[in-house]
Amino acid sequence: MSQKVTVRKFDAVIVGAGGAGLRAAIQLSEAGLKTAVLTKVFPTRSHTVAAQGGVAASLGNSEEDHWHWHMYDTVKGSDWLGDQDAIEFMCRKANECVIELEHYGMPFDRLDNGRIYQRPFGGHMSNFGEKPVRRSCAAADRTGHAMLHAMYQRNVRASTQFFVEWMALDLIRDAEGEVLGVTAMEMETGEIYAFHARATIFATGGAGRIYYSSTNAFINTGDGVGMAARAGIPLEDMEFWQFHPTGVAGAGVLITEGVRGEGGILRNSNGERFMERYAPNAKDLASRDVVSRAMVTEINEGRGCGPNKDFVLLDITHLPPETIMKRLPGIHEIAVQFAGVDALKEPIPVVPTCHYQMGGIPTNYHGQVVVPGKRSQNEIVPGFYAAGECACASVHGANRLGTNSLLDLLVFGKSAGETAVEELKKSPKAHKELPADAFERSLARLDRLNTQKDGANVHETQLAMRRTMQKHAGVFRFNDLLKEGVQKILEVQQDVQRTEIKDKSQVFNTARIEALELDNLIEVAVATMVSAEARKESRGAHVRDDAPDTPEHPNGRDDANWLKHTLWYKEGNRLDYKSVNLRPLTVETIALKKRAY
Amino acid sequence: MTTRTLQFKIYRYDPDQDQKPYMQDIAVEVDSTDRKLLDALVKLKAVDDSIAFRRSCREGVCGSDALNINGRNGLACLTDLGSFPDGKPIVLRPLPGLPIIRDLIVDMTQFFKQYHSIKPYLINNDPPPERERLQSPEDREELDGLYECILCACCSTSCPSFWWNPDKFVGPAGLLAAYRFIADTRDQATNERLDNLEDPYRLFRCHTIMNCVDVCPKGLNPTKAIGKIKDMMVKRAI
């Protein structure tokens, strides 16, 4: 099949209209640049909408706070794998970005003095790790919804041009490696277009759907990460996945850490507040990786709840009902809908659930994509930017703090947008010519899918992938399971290359979309498993049985050999490494030490 | 694991293949881990990959999977499978009153056009202060029940006034959004917003039938918000 490809020219194309994409779009539209925003779903349906607990900023509205403390917490949370220049940049920009949102109209909750309401959150402390601090700026427990709508609304005001229900297929790169746009499919008609642009910004979100049990939406299929990998861009630190401590048992739906911020407590089958044993200082507000491992340990040691002893309980029955209904109304609703409990009266059954991708497309703190080259380990890929969960700046390192994801997408969405505006103003107005093979990869994928006979079933193949990831690269990791996992995921990859769909319609063909999404998911899954198998230490969310806590290697961390970022290349399924930037922009390095809460 | 078989009657139409729409009878086996209608739809799609519907968050916040379920608008992801009586097929149709693209997927252009028509963004022409604009908790509370809208269109597509005049009547979702900005102490465009709605159709086609309140999956009350706008119009006139 030789499909017609229509070329459209823009100054910039943004792929994804969640928080990062919308924030970048504001920057470009308000600068008067001709910008196309492609999105698989109507912008307010993007997964930022599901974020609950808040966005971090050291506004200090309730008590003293400082961006430097926030920076310290983020570096410590990252288990020192985060780049300290990017972390300083993010924490310093936080106040400005949150205040801008307020000016856009975001309905933050308020304190009596009219300022933005802030609540405590896991791992956020005052005075370099002393005690929990109120840093999370919240709109009840619907912060992501309020934020996403406010940013969409600001884009309506700026007359941003959206292409709603368009799926980007592949990155267009020329022989010099410069990025010149993307190919995309209009879902309603099945027609293929190329968006020829002088700047391409990926804001495609995460890929939590590689796991069987995930808080993520169906659309979180790592499209940008997959496209980048196919175009030869390495993926950074893909072994690090956050398991959120409190997904509703069985359903996977997220229960915000804000519940614990408001005073909620985790209990085992003895009714014990077990976090006191694992994190005597921060207790239930320790970092997410720490809490998730404590929960799994409780379950593994027989202190889980329910008939199968396979979950623990999140208890808020001691909180005043007014607080719950005022600050956590969405959680009350979710508990009724998905756990069948009235959280005012009964605890909520919860289990650690895959939530967030710490790794992604490597960028600097300007939002520019960087890859190792002849001159340095961070050479800029001309014309290519990434921000939000699909990108790795890297601010989250081996473990992200709650509320830092909404901050990440604001700061780096804006930063990528600003950098693109500057670069576009500097560079010549003319578009560089598209290479002759610009559409080849996409057309070959579509052609293969349309003509595949006796192929693999898409639904079963994605289930096999998700089960493999869940079993072989979960909260705790085991050397033998990882080794076996690599073999298994490569077998699943073979099936992904021969998926077959029955539906061949051109009109809104969701079977085709799911098959194309699986092409992206599998890149993420393979990158994760291969990177995880290779990292022979425990750090942050990556904890393995053969790297235990010893006096020589506290928490199993091995800085001498493994204080470095992983880079996975699709071609040859190859790994490389680059050093962590321990040098902040203006302050002193936050020195390595053992992580304890 | 206990399983049961659910019978469906599903509206099908693919303009690429079908001369006209038809209702498809199809059954699917669900087990005790399948709680919601969306879980069953995902299983159905594994059996017949040509069934087209929108879905994303599966927890009632993204607003993608609004359908007409046994004659009533709702979200598939918040509809309990246990709520369906045994032995009777579950009838699924696209949201009423909007053009159909394919199967359960409607063209929402008109719905969003109305939402955009009310200028759904904060208008404040003062230079932005260095810090946040202050708002008391009481003033902020005025936005509760308004800002939580997920734009699923369950309300507008259950409203007879919107069916008749989707091009002229803003509809409950758009009007709820209009009042969300009118009620915001930080917004300075109340008069302009009221002017924008002062015509025989845009606001006043609401005849308080209250279908919108009945179906809103977030428990919001567009009729109440519309009533408040009407009150402000009257007060402004005298």
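In the predicted model, B:Asn70 is partly exposed, with a relative accessible area of 40%. This residue sits in the loop of chain B that connects β3 (66-69) with β4 (72-75). The phi angle of B:Asn70 is near 45°, a positive value in a residue other than glycine. Most residues other than glycine have a negative phi, and most peptide bonds are trans.

Chain A also contains backbone geometry of this kind. A:Asp454 has a phi near 50°, again positive in a residue that is not glycine. The loop that holds A:Asp454 runs between α12 (440-451) and β19 (456-457) of chain A. With a relative accessible area of 70%, A:Asp454 is exposed, the cut-off for this class being over 50%. A cis peptide bond is found from A:Ala393 to A:Ser394, where omega is near -5°. A:Ser394 belongs to the loop of chain A between β18 (391-392) and α11 (404-426).

One sheet of chain A is open and has 4 strands in the order β11-β14-β13-β12, paired in the antiparallel sense. The edges are taken by β11 (241-248) and β12 of chain A; each has a single partner strand, so one side of each lacks a neighbour in the sheet. On average, and with direction ignored, neighbouring strands of this sheet are turned by 45° against each other. Strands of a sheet pair through backbone hydrogen bonds, either parallel or antiparallel.

The pairings can be followed across the sheet from one edge to the other. Strand β11(A) is joined to β14(A) by 6 bridges in the antiparallel sense, and A:Trp241 has A:Gln357 of β14(A) as its bridge partner. Strand β14 of chain A, residues 348-357, pairs in turn with β13(A) over 3 bridges, also antiparallel. Within this pairing, A:Val312 has A:Val350 of β14(A) as its bridge partner. Between β13(A) and strand β12 (residues 265-267) of chain A there are 3 bridges, and these strands run antiparallel. Here A:Ile265 is matched with A:Asp315 of β13(A).

In a regular strand the side chains alternate between the two faces of the sheet. For strand β13 (residues 312-315) of chain A, both faces are covered. A:Val312 and A:Leu314 are buried on one side, and A:Leu313 and A:Asp315 are buried on the other. Elsewhere in the sheet, helix α10 (residues 329-339) of chain A lies across β11 and β14 of chain A, at about 105° to β14(A).

Another open sheet of chain A is formed by 3 strands in the order β10-β21-β22, with antiparallel pairing. Its edge strands are β10 (235-236) and β22 (574-579) of chain A, each with a single partner strand, so one side of each is left without a neighbour in the sheet. Strand β10(A) and strand β21 (residues 564-569) of chain A are joined by 2 bridges and run antiparallel. In this pairing A:Glu236 stands opposite A:Leu567 of β21(A). Helix α15 (residues 510-534) of chain A packs on the sheet and touches β10, β21 and β22 of chain A, its direction making about 135° with that of β21(A).

Helix packing in chain A includes the pair formed by α1 (residues 19-30) and α4 (residues 143-157), whose axes are 9 Å apart and meet at an angle of about 25°. Helix α1(A) is therefore roughly parallel to α4(A), since angles under 35 degrees fall in that class. The crossing of α1(A) past α4(A) is left-handed. Residues of α1(A) in this contact include A:Leu22, A:Ala25 and A:Ile26, and those of α4(A) include A:Leu148, A:Met151 and A:Tyr152. Charged residues also take part, among them A:Arg23 and A:Glu30 in α1(A) and A:Arg154 and A:Arg157 in α4(A).

A:Arg119 is located in strand β4 (residues 118-126) of chain A. The residue counts as buried because its relative accessibility is 0%. A polar atom of the A:Arg119 side chain lies 2.9 Å from the backbone oxygen of A:Gly53. A polar atom of this side chain also lies 3.2 Å from the backbone oxygen of A:Arg327. Beyond residues up to four places away in sequence, A:Arg119 touches A:Gly53 and A:Arg327, and its other contacts include A:Val133, A:Arg134, A:Arg135, A:Glu262 and A:Leu328.

Conventions: Residues are numbered from 1 along each chain as its sequence is written. Chains are lettered from A and ligands numbered from 1 in the order in which they are written. This is a predicted model: local features need pLDDT of at least 70, side-chain atom pairs count only at pLDDT 80 or more; totals for chains, interfaces and linings use all residues. Side-chain values use heavy atoms; hydrogens and water are left out. Buried means under 20% relative accessible area, exposed over 50%, partly exposed in between (1.4 Å probe, protein chains only). Two strands pair if DSSP finds at least two bridges between them. A polar contact is a pair of N or O atoms within 3.5 Å; within protein, one must be able to donate a hydrogen and the other to accept it, and residues adjacent in sequence count only if both atoms are side-chain atoms. Contact means heavy atoms within 4.5 Å. Axes are lines fitted to C-alpha atoms, for helices over the stretch in contact, and angles run from 0 to 180 degrees between N-to-C directions. Angles under 35 degrees count as roughly parallel, over 145 as roughly antiparallel, 65 to 115 as roughly perpendicular and the rest as oblique. A crossing is left-handed if the near helix is turned anticlockwise from the far one by less than a right angle, and right-handed if clockwise.
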